[in-house]
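Colleague: Could you take me through this model? I would like to begin with a single residue and work outwards.

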Amino acid sequence: MGLFDMEEGAFYRCQRCTNCCRWPGEVPVTGEEIDTIADFLGVTADAFIARFTTLRRSRRGLTLIEEQDGKCVFLDGIDCRIQEVKPNHCAGFPNRWNFPGWRSECEARPEWASDDDTRVKG
Ligand code: SF4
Ligand code: SF4
């Protein structure tokens, strides 16, 4: 997956607008992530899979389920219920993956290393 519309050397700091948690689309989860999130929620991996995931369209792996309006099942108001252990797919946007036109839908602001040396991703 490519990167689009990035300013040279910038790190895009998330502003927690939650738009990326609200638009429809898959949030793939690996087996390791399933174990970690299930542990965080205090349920078994099987229970987590049954309650919170479904088969990806490609039929290769699992994705978090979404509500009828397309928002992620773990979005609670403006908070992610699994923020501490959210999947890499979430943490990686928009710095490790994005799509053409992403900046019109994401409020992350570009910063450069000299702006702040204590950057935190996602
Ligand atoms: S897991 Fe959390 S960060 Fe990822 S889409 Fe769902 S609510 Fe958003
Ligand atoms: S990554 Fe962008 S779209 Fe997602 S919550 Fe942060 S600012 Fe909003």
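**Contacts, core and ligand**

Modeller: Leaving aside residues up to four places away in sequence, Phe74 touches Leu64, Cys80, Arg81 and Ile82; contact requires C-beta atoms, placed from the backbone, within 7 Å. This is a predicted model, in which local features need pLDDT of at least 70, side-chain atom pairs count only at pLDDT 80 or more, and totals for chains, interfaces and linings use all residues. Residues are numbered from 1 along each chain as its sequence is written, while chains are lettered from A and ligands numbered from 1 in the order in which they are written.

Colleague: Which residues are around ligand 1?

Modeller: Cys21, Val27, Cys72, Phe74, Leu75, Cys80, Ile82, Lys86 and Cys90 surround ligand 1, each with its backbone-placed C-beta atom within 6 Å of it.

Colleague: How does that shell divide into nonpolar, polar and charged?

Modeller: The shell around ligand 1 has eight nonpolar residues, no polar and one charged. Here Ala, Val, Leu, Ile, Met, Phe, Trp, Tyr, Cys and Pro count as nonpolar, Asp, Glu, Lys and Arg as charged, and the others, Gly among them, as polar.

Colleague: Turning to the strands, what is the order in the open sheet?

Modeller: The order is S2-S4-S3, with antiparallel pairing. Strands are DSSP runs (E, at least two residues) numbered from the N terminus, and two of them pair if DSSP finds at least two bridges between them.

Colleague: Which strands stand at the edges?

Modeller: Strands S2 (28-29) and S3 (53-55) do; each has a single partner strand, so one side of each lacks a neighbour in the sheet.

Colleague: What is the bridge partner of Pro28 in S4?

Modeller: Thr63 is the partner of Pro28.

Definitions and conventions. Helix = DSSP H or I, 4+ residues; strand = E, 2+ residues; numbered from the N terminus. Contact = placed C-beta atoms within 7 Å.
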